[in-house]
Each structure stands twice: as C-alpha cells, then as structure tokens.
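Here is a set of short questions and answers on how names get attached to parts of a structure. Look at the picture, then follow each step from value to verdict.

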4 protein chains.
Amino acid sequence: MNAAAGPVEVTDRTLRDQARPVLYHYDPAFIEFFEHTSRLLQQVFQTQYDVVIMQGEAILGLEAASASLISPGDKVLNLVSGVFGKWFEDFIAKYGGDTIELAVPYNDAIDPEDVRKALQRNRDVKFLSVVHSETPSGTANPLRAIGNIAREFGVLTIVDTVSGLAGENLSPESWGLDVAVAGPQKCLGGTPGLSLMAISPAAWKAMESKPSPLRGSFLSILDWKSAWIEGHRFPYTPSVSEIYALESVLSQALEIGMERYVARHVAIARACRAGIKALGLELWAAREEIAATCCTAITMPAGLTDAQIRGRMRDVYGVMTSGGYGELAGKLFRLGHMGKAAHPTYLAAEMAILERTLADLRYPIELGAGVGAAMAALGEWSAISG
Amino acid sequence: MNAAAGPVEVTDRTLRDQARPVLYHYDPAFIEFFEHTSRLLQQVFQTQYDVVIMQGEAILGLEAASASLISPGDKVLNLVSGVFGKWFEDFIAKYGGDTIELAVPYNDAIDPEDVRKALQRNRDVKFLSVVHSETPSGTANPLRAIGNIAREFGVLTIVDTVSGLAGENLSPESWGLDVAVAGPQKCLGGTPGLSLMAISPAAWKAMESKPSPLRGSFLSILDWKSAWIEGHRFPYTPSVSEIYALESVLSQALEIGMERYVARHVAIARACRAGIKALGLELWAAREEIAATCCTAITMPAGLTDAQIRGRMRDVYGVMTSGGYGELAGKLFRLGHMGKAAHPTYLAAEMAILERTLADLRYPIELGAGVGAAMAALGEWSAISG
Amino acid sequence: MNAAAGPVEVTDRTLRDQARPVLYHYDPAFIEFFEHTSRLLQQVFQTQYDVVIMQGEAILGLEAASASLISPGDKVLNLVSGVFGKWFEDFIAKYGGDTIELAVPYNDAIDPEDVRKALQRNRDVKFLSVVHSETPSGTANPLRAIGNIAREFGVLTIVDTVSGLAGENLSPESWGLDVAVAGPQKCLGGTPGLSLMAISPAAWKAMESKPSPLRGSFLSILDWKSAWIEGHRFPYTPSVSEIYALESVLSQALEIGMERYVARHVAIARACRAGIKALGLELWAAREEIAATCCTAITMPAGLTDAQIRGRMRDVYGVMTSGGYGELAGKLFRLGHMGKAAHPTYLAAEMAILERTLADLRYPIELGAGVGAAMAALGEWSAISG
Amino acid sequence: MNAAAGPVEVTDRTLRDQARPVLYHYDPAFIEFFEHTSRLLQQVFQTQYDVVIMQGEAILGLEAASASLISPGDKVLNLVSGVFGKWFEDFIAKYGGDTIELAVPYNDAIDPEDVRKALQRNRDVKFLSVVHSETPSGTANPLRAIGNIAREFGVLTIVDTVSGLAGENLSPESWGLDVAVAGPQKCLGGTPGLSLMAISPAAWKAMESKPSPLRGSFLSILDWKSAWIEGHRFPYTPSVSEIYALESVLSQALEIGMERYVARHVAIARACRAGIKALGLELWAAREEIAATCCTAITMPAGLTDAQIRGRMRDVYGVMTSGGYGELAGKLFRLGHMGKAAHPTYLAAEMAILERTLADLRYPIELGAGVGAAMAALGEWSAISG
C-alpha cells in the first residue's frame with residue numbers, strides 16, 4: 001500500500017487507461033486525444049486560461065516558469081514556508097533574478113499581510129513565487145489572499161500547486177494566479193512525468209515581451225504556445241502513455257465533481273489529524289488551519305527514528321509512507337492521503353498500521369484510538385462519497 | 001473495496017497476468033503453460049495425487065464428482081453444517097445416491113466421533129461428502145479427523161474445500177481425501193471460473209469401475225484423465241484467460257510459501273474475531289475454534305437489517321461485504337478476508353468502516369474498539385508477512 | 001500472431017476490459033453489468049428471444065441443450081457435414097435420443113431439400129440439430145433454409161453457431177432457430193469460457209414440459225431462466241472476468257454495427273480464398289459458396305505435412321494456424337480470420353508467411369501471388385472499414 | 001496498426017509491465033528497480049560507461065548534452081545529413097557554441113573522410129555532433145568511422161542515436177562516442193518520455209570542468225551523476241511508469257540478444273527496400289548502403305500526395321505511417337519497422353496495404369509484387385527469429 005506523499009497509488013482504471021496502445025503522436029486520433037485532455041485539464045483547473053501540459057515532472061514546469069519569465073535583474077518576492085519554497089530560489093538565481101525572501105518557520109504558513117508589507121516595501125518586485133501546498137511540511141499557504149494582493153500590486157505570480165491542485169481549492173482567474181504548476185501524481189492520483197500548467201494572458205505577455213524570450217528549448221513554455229496552442233503540433237514527442245493516464249485521472253476527478261473531489265481531501269486530512277492527536281502524537285503544522293490536505297506531517301515521536309517507524313510500517317505491514325525531506329529529515333514523517341487514498345478505508349488502514357507499529361516499538365499508545373478518532377471526525381461522508 | 005466472501009478482490013499482478021494475450025489452446029506454448037499450471041496446483045494442494053482443472057466454477061467440480069462417482073443406490077454419508085453441505089444432497093439425489101445425513105445446526109461443526117458412529121451404523125456407506133469450509137456460515141469442519149475416519153472404513157470422501165484451499169491446512173494423502181474440489185476465487189485470491197481438483201487413485205478407480213463410467217460430458221472428470229493427463233490434449237477448449245489467472249495466483253501463493261500463506265489467513269481471521277467481539281457483536285460460529293479463516297460471520301445485531309449495515313457500508317463507504325445466504329439470509333453478515341484481503345490493512349479498513357457504519361446507524365459501539373482489538377490480536381505479523 | 005481457428009487473438013481493448021477488478025457477483029454493480037451484457041448479447045444475436053450466458057465453453061451450451069431438451073426416445077434429425085456435426089450424436093445418445101443422420105462428405109454442406117425429404121420421411125422427428133459453421137472443415141451450412149424447413153414441420157432446432165455468430169448472418173426468429181449456441185472466442189474475437197445462447201419460447205416450453213425437466217445442474221438452462229431471467233440471481237458464481245471480456249467484445253462489434261461486422265468476415269474470407277487459389281493450393285470446401293467465414297481450410301499440399309507447414313509458420317515466423325481436427329487431421333490446415341484477424345493486415349501477414357514457408361519448403365509457389373490476389377479480391381474495403 | 005516512425009507500437013508485455021502499480025520513488029523496491037533498469041540499459045548500450053536515464057523525451061537528452069558540454073565560444077563540428085542534424089545547430093547556438101557545419105543533401109550520408117578533412121582544417125573544434133540514424137530521411141551515418149576520427153583528433157562526440165540504438169550496431173567505447181542519446185520509443189519498441197544516455201569519462205570530465213558546470217536544472221546531466229550515480233537519490237521525481245516500460249523493453253531485447261535484435265532490424269529494412277523497389281517506387285536514400293534500419297523513406301510517387309497515400313492507408317486500412325518532416329514534408333513518406341514491427345508479419349501487412357492503397361489510387365503497381373520481393377529478400381529468418 002502506497003500511502004506516501006507522491007507519487008501515489010493510482011486506481012486500477014488509471015492503470016488500464018494508461019495501457020492503451022501507444023499511438024504515433026501525429027496520428028489524428030492522438031492529436032484529438034491530446035486536445036480533449038487539455039480541455040479536461042482546464043476544467044480541473046477551473047479556468048478559462050490556456051493550459052499547457054509540459055512533458056516532464058512538475059519541477060520542469062517550475063523551472064520553465066522561471067526560465068520563461070525571469071530576466072536578469074528581475075526582482076522576485078519568494079515566499080518560503082518550507083523546503084520547496086526555499087529551493088525555488090535556486091531557479092530564481094539561475095535565471096538571473098534577485099530574490100527577496102519572505103520566510104516563516106517550516107511548520108508555519110505565510111501571513112498575507114506580510115506579503116502586502118513586503119510588496120509595499122519593494123515596489124519594483126516583478127514576480128511573486130509561492131508554494132501553495134508545501135508537501136514536505138504538510139502545510140498550505142493562503143493562496144487566495146496572497147494571489148489577490150499580488151494582483152493589487154501588478155505583480156505576476158508563479159504558483160507551485162503541485163500537490164495542491166484537486167486537493168485544495170484553486171481558481172486562477174479570481175485568485176490572481178498567473179503561472180500555476182501542478183503534478184498529476186499528487187491529489188489527482190495520477191502518474192508522474194508531466195507538468196500541468198495554467199497560464200494567464202499577462203503571463204504569456206510577460207514571456208513574449210522578455211528581452212530574450214525563451215524558445216527552442218525543453219524548458220520553453222512559449223514553444224508549446226506556438227506549436228500546440230496555435231498549431232496543434234508538438235514541439236517534440238509527447239509522453240503518449242502519460243497523456244493516457246492524465247486523461248484518465250482528469251476524467252475520474254470530473255466525474256466525481258471538483259467540489260466533492262476537493263472536499264474528500266479536506267475531510268480525510270481533517271480526520272487524519274484527529275487520529276494523530278488522539279494517539280498523543282504531535283502535528284508538525286503549527287496550527288491545524290494551515291495543514292495541507294495532501295498529507296499529514298507528524299513530528300517524530302521522542303525516542304523513535306524514521307527508520308524504526310517508517311521502516312517497520314513498510315517492511316512488516318506493507319505500508320509505504322514518506323519521511324522528512326531535505327532539512328526536515330528525521331524531524332517528521334508523513335501520511336499521504338491523496339487521490340484514491342483520500343478515502344476512509346485508506347485512512348483507517350494507514351492509521352491502524354501506524355498504531356500497530358508504534359505498539360510494536362513499545363511506544364505508549366492505545367490501539368484503536370487513532371482510527372476511532374479519525375472515523376469520528378470524518379463528518380458526513382455520504383455527502384461526498386461515490 | 002471488495003471484502004465479500006468471494007469472488008474476492010484480486011491483486012494487480014493477477015489482473016496483469018490474466019491479460020496475457022489469448023493463445024490458441026493447441027499452441028505448444030499453451031500446452032506447456034497448462035502443464036506448468038497443473039504442477040503448481042499440485043504444490044498448492046500439497047499432493048502427489050493427480051490434479052484436474054475443470055473449466056467451470058467450483059460447483060461444476062462438485063457436480064462432476066457426484067456424477068462421476070455415484071451410481072444409483074450408492075449410500076452417501078453427507079455431513080451438513082451449513083447451506084452448502086445441505087445443497088450437496090441435491091446432487092446425491094440427482095445421480096441416484098441415497099443420502100444418510102449427519103447434521104448439526106448451521107453455526108456448528110461436525111464432531112468426528114459422530115462420523116465414526118454413523119459409519120459404524122451404516123456399514124454399506126460408499127462415499128462421505130463434507131464441506132471443509134462452510135462459507136455461508138463462516139465455519140470449518142475438522143476435515144483431517146473426518147477424512148481419516150472415512151479412510152478407516154474404506155469410504156471414499158468427496159470434499160468441498162472451495163473456500164478452504166490455501167486458507168486452511170489440507171493434505172489429500174494424509175488426511176484421507178479422495179476428491180477435493182477448490183475454487184481459485186476464494187483464499188487463493190483468483191478469478192472465478194474453474195474447479196481445482198485433487199483426485200486420489202482410489203477415486204479414479206471408483207470412477208472407472210462404475211457400472212456406466214461418465215465420459216463424453218462437460219461433467220466428466222474421466223474425460224480430463226484420458227485427454228489431458230494421458231494425452232496432453234483437451235476434452236474441449238479450456239478457458240485460456242482463467243488459466244493465466246490461475247497460474248498467477250498459484251505462483252503468488254507459492255512464492256509466499258503455503259505454510260505462511262495459510263498462517264496469514266489464520267491470523268487475520270483470529271484478529272477479525274477479536275475485533276468483532278470487542279465491538280460487542282456476536283460471532284455466528286458457536287465457538288471460535290470452529291470459525292473458518294475465509295470469512296467471519298457475524299450475527300445480525302438486534303434492531304438492524306442487512307440492508308442497513310451492508311447497504312451503507314457499500315453505498316457510502318465503498319466496502320462490499322456478504323450477507324446471509326439461503327436460509328441464513330438476514331440472520332448474519334460476513335466480512336471476507338481471503339487472498340489479498342488476508343492482510344492487516346484490509347482488516348483494519350473493513351473493521352473501521354463497520355464501526356463507522358454502526359455508529360451512523362446509532363448502534364452503540366465505541367469507534368476504534370474493533371480495530372484496536374483486531375490489531376492487538378494480530379500476533380507476530382512480521383513472522384508471516386512479505 | 002494467433003491466426004488459428006479459435007480461441008483467437010483478442011484486441012487490446014478486450015484485454016484491458018477483462019482486467020477490470022473482480023467484483024463480488026452480488027455486488028449491485030455486477031448484477032447491473034450482467035444485465036447490460038445480456039442486452040448487448042441480444043443485439044448481437046439480433047433477436048428478441050431470451051438469451052442465456054452459460055458459464056463454460058460452448059460445448060457446455062451444446063450439451064446443455066441436449067440434456068435440457070432431449071428425452072429418451074426422442075427422434076433427432078442430426079445433420080452431419082463435419083467433425084462437430086458428427087460428434088453431436090454422442091450427446092443425443094447420452095441423453096437418450098434416437099439419431100437420424102443426414103450426412104454429406106466433410107467438405108460439403110447439407111442441401112436443404114434433403115432436410116425436407118428427411119423430415120417428410122420421418123414425421124416423428126422432434127428436434128433437428130445442425131452446425132451452422134463447421135470450423136474443422138471451414139464450411140457453412142445453409143442455416144436459414146434449413147431452419148425454415150424445420151419450422152414448417154414443427155421441429156425444434158438446436159443450432160451450433162459457435163463460430164457462426166458475428167461472422168455469418170443469423171436471425172433466430174426469422175430463420176426458425178430455437179436454441180442457438182455461440183462462443184465468444186470465435187468471430188466475436190473474445191475469450192473462451194462462456195456459452196452464448198438464444199432460446200425461443202418454444203424451446204423454453206419444450207424444456208419445461210419435458211417428463212423430467214433438467215434443473216439443479218451445471219447443465220441446466222432452466223436454472224438460468226428461473227434464477228437469472230426471472231429473479232436476477234445466479235444459479236452459481238459466474239465467471240466475472242469472462243463477463244467483462246464478453247461485454248467488451250459485444251460492445252466493440254455493435255459499435256462497428258453487425259452488418260458491417262459480418263461483412264468484414266465475408267470479405268476477408270473471400271479474399272483469403274482468392275489468395276489460396278492464386279498460389280495453386282486447393283480449397284478444402286467442395287465449392288466456394290459453402291466456405292465458412294471463420295477460417296479457410298486448405299487441402300494439405302501434396303508432399304508436405306502439417307508439421308512442416310504449420311510447424312514452420314509458427315516456429316520461424318510466429319504465426320499460429322490450425323490443423324485438421326479429428327478425422328481431418330493431416331488432410332487440411334486452416335487459416336483463421338475472425339475478430340481482429342478479419343482485417344486486410346492480418347490476412348496479408350498470414351498469406352505472406354504461408355507463401356514464405358512454402359517457398360522455404362521448396363514447394364513451387366510464386367512469392368507475392370497469394371497476397372496480391374487476396375488484396376485484389378478484397379472489394380471495397382472502405383465501405384466496411386473503421 | 002502503428003507502422004509509423006515512432007513512437008511505435010509496443011508489445012502487449014510492455015503494456016502490462018508498464019501497468020505495474022505506481023510506487024513512491026523512494027520506496028526501496030523502486031530504487032532497486034531503477035538500478036536494475038540502469039544495468040539493463042548498459043547491456044543494451046553494450047557499454048561499461050555510466051548510463052543516465054533522463055526523465056523526458058530524447059530531445060531533452062540532446063539539449064542537456066548541449067547545455068552541459070558547450071560553453072560560449074566552443075567550436076562544434078556539426079554533421080548535417082537531414083532535418084534532425086540541422087536542428088541541432090539551434091542547441092549549439094543557444095548554448096553559445098560556434099557551429100562549423102559539414103552538410104550533405106538530405107538523402108545522403110556523411111563521408112568520414114570529409115569529417116577528417118574538416119577536423120584537419122579546424123584544429124580548435126571541441127565537439128563533433130552527429131545524428132546516427134536520421135529518422136526523417138531514413139538514412140544512417142557511418143558512425144563508427146566518424147567517431148573514431150573524432151577520437152583521433154581529441155574531439156568529444158555528441159551522438160543522436162535516438163532511432164539508432166538497438167536497430168543499428170553501436171559501441172560507445174570502441175566507436176569513440178562520448179555522449180550518446182537514445183529513445184525507448186524507437187527500435188527498442190518502448191514508450192516515449194525518457195532519454196537514454198551513455199556518457200564517457202571524458203564527457204563527464206568536460207561537463208565538470210566547464211567554466212560554469214550546469215547543475216540544478218532539469219537539463220543537468222551532472223545532477224544525475226551526483227544524485228543518482230553517486231548517491232542513489234533522484235534529482236527530482238522520476239517517471240515511474242516509464243521506467244517500468246523501459247525495464248520491460250530492455251529485458252525483451254536482451255532476451256532476444258542484442259546481436260539478433262539488431263539483425264532483425266537490418267533484415268526487415270533490407271526486405272522492405274526490396275519490396276519498394278519491386279513496386280517501381282524510389283527509395284529516398286541516395287544508395288541502399290546508407291539506408292537506416294528504423295524506417296524506410298520512399299520518394300513520393302509522381303502525381304500522388306501524402307494525404308492520398310498515407311491518409312488512405314490509415315483511414316481505410318488502419319495502417320499509420322509517417323510523412324516527411326520539416327522541409328521534407330510532401331517529398332517522401334516512411335514505413336516504420338522498429339521493435340515489434342521489425343518482423344515479417346508487420347512488413348507484409350504494411351507492404352500489402354501500401355500496394356492496395358496505390359492500386360486504389362490508380363497508381364500502376366502489380367498487387368503482391370512488393371510483398372513477394374520483400375519476402376524473397378528476407379534472408380534466413382530462422383537464424384534470427386524467436
């Protein structure tokens with residue numbers, strides 16, 4: 001059982017759909033399929049903006065956004081509430097930008113008012129970069145407020161919503177998002193290998209009016225605009241099977257309905273936190289209202305190690321979870337609940353195995369307490385179930 | 001989540017293996033594959049007896065055994081501890097046998113000493129028929145003792161171990177079993193559509209020395225002997241894809257090892273019963289030592305109906321369980337734990353959803369109590385896990 | 001490449017659909033799926049009659065028809081134009097019927113006028129049994145005329161259209177067919193393991209009014225009537241994955257449309273014969289108008305053996321074909337062109353490999369002559385293609 | 001039928017293997033799987049050099065090679081014998097290199113002696129870039145001779161063998177190849193989405209000793225060295241399912257053996273050319289000895305258009321081929337014969353449909369002539385078949 005923080009376990013339907021026979025990318029049937037998939041992606045992003053499906057894992061989309069937008073000397077306000085937010089500064093630097101950092105501890109979230117103040121102090125900021133859902137910390141930033149403040153200041157936003165899309169609410173147009181980058185392998189429950197992007201007209205304009213627009217590169221978003229959006233041609237061979245899998249997970253999410261799909265993630269994350277607290281464990285997030293829906297980060301229990309807990313959960317009970325990443329290594333571990341795992345059966349199984357593992361390790365918990373509290377906190381599942 | 005009493009949820013590997021391209025049945029590669037599968041089946045049956053794979057669900061094997069062995073006037077001691085045991089009398093009658101019934105209530109198991117007495121009283125009994133694992137009741141009969149008593153009396157046994165094979169121990173030679181019929185869709189975690197049979201030399205002899213041996217029929221076991229065993233030809237077209245799936249589940253079980261494979265079923269069934277009792281529910285089986293490993297039957301809680309409990313578990317939480325069958329309808333419901341479901345994660349999920357459902361229905365239980373007790377009763381899972 | 005006479009190669013879509021997760025047979029979703037599949041089967045049979053899906057390869061359906069209809073002493077006019085027609089007499093005898101045989105050589109087809117004469121001579125005939133498409137001979141009988149003559153005489157027909165359905169035209173009501181038995185693994189391009197049956201009201205009546213109606217048996221068709229048709233329950237566990245595959249192939253055929261689907265088989269069979277003749281080989285069928293659409297039987301070329309031709313085609317070139325069956329062994333070999341193989345690409349590949357193989361064996365043929373003639377004889381494929 | 005120039009049709013085994021459940025990339029089982037796959041890739045490359053699997057279609061590997069090796073002002077001798085060779089100059093320019101072009105017409109191949117002369121004339125050349133197999137032209141360059149000349153001059157080579165690996169012979173060490181980039185979706189018969197690279201020690205050294213080594217980018221090869229090769233960690237999330245598919249096709253090729261695997265491509269390409277010539281069509285390649293094994297390019301027959309030929313082959317007969325690419329559009333069309341299509345059955349089918357299509361279009365050809373000539377030219381297939 002893959003209960004990690006992504007790539008996540010995919011549904012059997014996704015696996016079957018991914019196994020459709022590989023078509024030549026210029027087969028008219030594939031062209032049509034790619035277009036259809038793009039339309040579904042727009043619906044999942046709940047946007048009228050153009051969408052672009054770049055053919056590499058989401059880090060490609062993030063680097064592409066940096067490379068396509070940032071020119072040497074551009075000021076970028078980068079919000080840091082975790083490992084991924086911090087890492088983005090490498091891209092800013094690589095493409096010549098000057099980072100202005102607004103940081104909080106890695107168990108906290110950005111206060112929108114601090115964003116406002118930072119933008120007031122730095123009137124020449126051109127871009128704001130923010131991680132919507134900080135997977136390594138299991139926290140989420142208040143994207144809506146942040147995006148709208150950026151818009152007030154005429155600042156373009158670059159949004160890492162890799163593990164946010166379909167797990168948290170999102171609205172590019174009304175939230176002031178200019179380039180939003182998501183991954184299929186997180187809340188959508190798909191396979192890794194693609195960057196899902198929504199691009200505002202202002203972002204297109206910024207890319208095109210750059211001193212030296214980025215074209216003719218695997219990193220170029222404009223290549224996709226001129227080739228695919230304007231001509232239904234591909235800048236290079238797309239990853240056919242990944243597109244099959246993407247179409248499948250987008251369809252599955254839309255059949256459930258985005259509102260209910262997101263609500264499931266919200267409900268399961270809340271239930272998971274209730275279970276963790278009932279076991280006497282500590283949530284990593286400074287407060288519950290900033291906890292992400294993609295996974296729940298748990299402070300490493302005193303006296304236990306990652307290898308003990310996660311190793312035993314996997315080796316003995318077959319449940320794969322995620323550890324701390326980068327500088328968070330050893331400080332926390334994470335239970336994923338994305339895609340098909342955003343379901344009471346998965347949550348119960350994960351929680352029960354965590355309990356059993358802690359008991360095996362002589363950590364004082366009451367078997368069943370976590371599952372019981374989680375199930376109690378589920379809320380009215382019938383309203384959002386199948 | 002299919003947590004029913006069979007057909008059960010199959011592993012992704014089984015699904016992939018079943019999807020191997022369909023071969024012409026006389027392709028040498030298929031002949032070899034069928035032979036290989038037969039060898040694996042012998043290993044799973046832990047027998048040197050011939051095995052036969054009849055090409056229809058296990059009821060075919062049971063009817064075939066009756067039709068192939070019983071002649072008009074033959075006395076058959078039929079042991080009845082549940083619906084399936086009782087139904088077998090229809091086959092005895094259809095093929096002209098005279099049934100001597102030894103019955104116990106449907107929540108109980110046969111006492112081997114009663115078998116001895118019955119055989120002492122009825123010296124002309126030719127066959128003894130017995131259900132190893134009474135799926136509808138969630139109970140198991142003491143097959144080893146029964147088989148050995150039959151052997152003492154020179155009585156041939158016809159054994160319905162449809163849901164027993166791979167979940168309960170079994171040894172055709174040393175337990176005195178002559179025709180044992182199993183199904184792939186139960187503890188082996190496979191797909192329905194085949195009858196898996198082990199046939200003793202005495203059983204072959206009985207079939208061949210019958211006044212009118214059954215040949216030239218879909219019901220004929222002898223057809224498989226003369227065609228397949230003796231000539232590596234098929235009496236008719238086998239179900240190619242089902243053979244693929246069978247080979248897969250046999251391989252998976254053997255990779256784990258039959259001893260550990262069975263031990264998992266034993267451990268999960270025990271844990272399940274512990275959970276049920278902790279919730280204050282009543283096991284259907286009169287006593288735990290006769291409970292089957294394939295599924296746990298639970299007396300319908302007072303004031304609740306099958307539709308309420310099972311309907312809600314499925315419709316709201318996506319967990320499919322089984323109800324009471326035949327005359328047991330409404331009296332009990334059953335949690336399956338066979339094949340891939342013979343695992344702590346599945347058990348925790350089933351139990352948690354049962355708890356949540358009972359709570360939804362205002363039935364007084366403590367959320368988490370069942371899961372906690374089940375996990376506590378698991379025993380040393382690391383000894384039998386992957 | 002499986003170019004045999006069945007089980008045939010199935011499409012990738014069929015394999016994917018067959019791999020849908022196994023459901024408990026009483027899961028409401030499966031009940032609905034089985035009902036849906038039954039409706040599709042009616043459309044493929046182009047009938048309003050009840051359809052029954054028996055859970056074993058088509059020989060089960062044929063034996064079931066005999067066992068369910070024939071009572072001791074019943075006279076059955078059995079038409080024999082090949083191995084399968086002759087074999088049916090074993091079933092007639094087994095269930096007590098008296099066979100009146102009307103036979104032609106195994107490369108010929110029944111003359112309907114001979115049927116009329118036989119019925120005129122035998123006024124007490126109760127059933128007429130006929131093979132629609134004699135797969136082992138690659139010939140077809142004039143079923144429409146035969147069925148209508150039987151109807152004139154008030155004789156019920158038992159029709160083996162195992163390899164006929166979807167490859168030859170068929171209309172139970174207007175052709176006077178009472179029990180028609182087909183297999184999914186032939187022209188429908190599906191997997192073996194099921195009997196597809198259309199049953200006329202008169203046939204139902206005959207089964208029910210038999211002195212001892214066959215019930216409570218794997219061979220009973222009436223069990224399916226009372227359980228499934230009248231109660232949407234199963235007489236025993238159905239082969240879930242086979243039903244998945246069946247639904248898939250029925251859907252695929254209906255999407256093409258039955259008229260075009262059959263026309264493809266007709267056109268490819270015609271083209272195949274043209275190719276064979278162009279190579280100087282001899283068709284087994286006495287005349288082209290009686291050739292079947294399922295496969296083309298070719299008289300074994302002088303001086304060559306089955307092992308040489310078919311062995312080399314398979315071992316060197318990976319093309320599996322079928323040999324002669326039963327008493328036709330060694331006298332002919334067969335190229336299958338059913339389901340996905342009813343396509344010019346498959347035909348070209350089979351024919352080219354046959355040519356190359358014959359040349360390897362120093363048999364005097366002109367490479368390309370067969371493929372060229374086949375392609376020339378294709379007719380207007382665009383009218384019946386995708 | 002996908003008979004295009006790639007992505008090609010994949011085997012059913014590849015599709016099943018690709019559908020293995022998605023693992024978390026840091027699951028120890030996946031780490032081991034990735035390592036195993038890397039070892040297989042080395043064997044397929046027949047090299048002891050390090051291999052790198054970059055997570056994007058082969059153009060990523062090509063751009064990465066340019067970005068990782070070329071510094072502003074570096075002189076690159078770029079060999080141009082087709083569209084892809086020419087395009088590479090965009091990458092050279094983008095990363096600051098100065099291109100010295102050695103070009104031949106797009107139906108010809110580079111003469112190694114011209115390479116020697118060019119290097120003699122340009123002693124400051126640092127890199128030589130060459131396309132091994134020019135897919136758009138269906139031609140191959142004499143890579144061995146070219147690589148060895150480059151080595152003589154101490155020039156590092158960047159080799160686009162995207163459609164060469166596994167279809168043409170290749171030996172990084174003895175042929176003087178420094179960075180070789182291949183794709184799984186060509187002769188290996190896999191799915192698109194990865195760059196398969198072999199890197200010589202000299203190439204590593206060049207990347208590391210560059211004024212500003214490329215790190216921290218999706219384009220960085222060094223990231224893979226430091227993360228994966230040195231630490232068994234991933235620079236970012238790999239495309240899990242693509243790795244599954246890659247392992248599968250590598251295994252399939254190695255089971256056949258690389259020598260035989262390549263020999264099949266050589267034999268089928270030769271047979272294809274024989275068929276084309278027999279139809280009176282003109283090969284695009286100036287002479288046969290420079291024809292590639294991946295696909296056969298055919299000069300557009302006078303009076304016919306791409307839409308007529310390829311459109312009809314696909315729309316009526318379901319055979320997808322490739323057209324002319326870039327400036328070759330309309331001038332030629334291509335029959336692919338890679339991976340599973342490198343087989344006589346595929347070739348016969350493609351050729352027969354081409355013939356039938358030309359005849360439909362009233363183009364004067366003799367039906368069967370192409371297939372016949374192709375089969376005649378096959379050579380001793382038994383030596384290289386299964």
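Q: What makes D:Arg287 partly exposed?
A: This is a predicted model. In it, D:Arg287 has a relative accessible area of 34%. Partly exposed covers the range between the 20% and 50% limits, so D:Arg287 belongs there.

Q: Why is D:Glu289 called exposed?
A: D:Glu289 has a relative accessible area of 64%. Exposed means over 50%, so D:Glu289 earns the word.

Q: How do you know that D:Glu289 and D:Arg287 meet in a salt bridge?
A: Their side chains come to 4.0 Å, N to O. The rule asks for a nitrogen within 4 Å of a carboxyl oxygen, so the pair counts.

Q: Which residues are joined into one network by salt bridges that share partners?
A: The network holds A:Arg312, A:Arg356, A:Asp360 and B:Glu380. Over all chains, the structure holds 99 salt bridges.

Q: Why is the contact of A:Glu288 with A:Lys277 called a salt bridge?
A: The closest N and O atoms are 2.1 Å apart. The limit is 4 Å, so the pair qualifies. This pair links distant parts of the chain. A:Glu288 is in the loop between α11 (258-278) and β10 (295-299) of chain A. A:Lys277 is in helix α11 of chain A, and eleven residues separate the two.

Q: Are A:Glu288 and A:Lys277 buried, exposed or partly exposed?
A: A:Glu288 has a relative accessible area of 25%. A:Lys277 has 43% relative accessibility. Partly exposed lies between 20% and 50%, so A:Glu288 and A:Lys277 both count as partly exposed.

Q: What makes D:Lys86 and D:Glu89 a salt bridge?
A: The N to O distance is 3.3 Å. The cut-off is 4 Å, so D:Lys86 and D:Glu89 pass. Both lie in helix α4 (residues 83-94) of chain D. They are three residues apart, about one turn of the helix.

Q: Which words describe the accessibility of D:Lys86 and D:Glu89?
A: D:Glu89 has a relative accessible area of 12%. Buried means under 20%, so D:Glu89 is buried. D:Lys86 has 33% relative accessibility and counts as partly exposed.

Now to the rings.

Q: How many aromatic pairs are there over all chains?
A: The count comes to 70.

Q: Why is the pair of C:Tyr26 and C:Phe234 called tilted?
A: The centres are 5.6 Å apart, and the angle between the planes is 45°. Ring centres must lie within 6.5 Å, so this is a pair. Stacked needs under 30 degrees and edge-to-face over 60, so tilted is the name left. The pair links distant parts of the chain, 208 residues apart. C:Tyr26 is in the loop between α1 (12-18) and α2 (28-45) of chain C. C:Phe234 is in the loop between α9 (222-231) and α10 (240-256) of chain C.

Q: How do you know that C:Tyr26 and C:Phe234 are buried?
A: C:Tyr26 has a relative accessible area of 15%. C:Phe234 has 4% relative accessibility. Buried means under 20%, so both fit.

Q: What makes the pair of C:Phe34 and C:Trp228 edge-to-face?
A: The planes stand at 70°, and the centres are 4.6 Å apart. Edge-to-face means over 60 degrees, so the name follows. C:Phe34 is in helix α2 of chain C, and C:Trp228 is in helix α9 of chain C. They are 194 residues apart. C:Phe34 is buried at 1% relative accessibility, and C:Trp228 is buried at 4%.

Q: Why does C:Arg233 count as lying over the face of C:Tyr26?
A: C:Arg233 is 4.6 Å from the ring centre. The distance limit is 6 Å, so C:Arg233 meets it.

Last, a sheet and a symmetry.

Q: What makes β1 (50-54) and β3 (98-103) of chain B edge strands?
A: Each pairs on one side only. The open sheet has seven strands, in the order β1-β9-β8-β7-β4-β2-β3 (chain B).

Q: Why are chains A and B said to be related as by a two-fold rotation axis?
A: Chain B can be laid on chain A by a turn of 180° and a shift of 0.0 Å along the axis, with an RMSD of 0.0 Å. The two copies are thus related as by a two-fold rotation axis.

Terms used:
Residues are numbered from 1 along each chain as its sequence is written. Chains are lettered from A and ligands numbered from 1 in the order in which they are written. This is a predicted model: local features need pLDDT of at least 70, side-chain atom pairs count only at pLDDT 80 or more; totals for chains, interfaces and linings use all residues. Side-chain values use heavy atoms; hydrogens and water are left out. Rings of Phe, Tyr and Trp (its six-membered ring) pair if their centres lie within 6.5 Å; planes under 30 degrees apart count as stacked, over 60 as edge-to-face and the rest as tilted. Helices (H or I, at least four residues) and strands (E, at least two) are DSSP runs, numbered from the N terminus. Buried means under 20% relative accessible area, exposed over 50%, partly exposed in between (1.4 Å probe, protein chains only). A charge sits over a ring if NZ of Lys or CZ of Arg is within 6 Å of the ring centre and within 35 degrees of the ring normal. Two strands pair if DSSP finds at least two bridges between them. Copies are superposed by least squares on the C-alpha atoms of residues with pLDDT of at least 70 in both.
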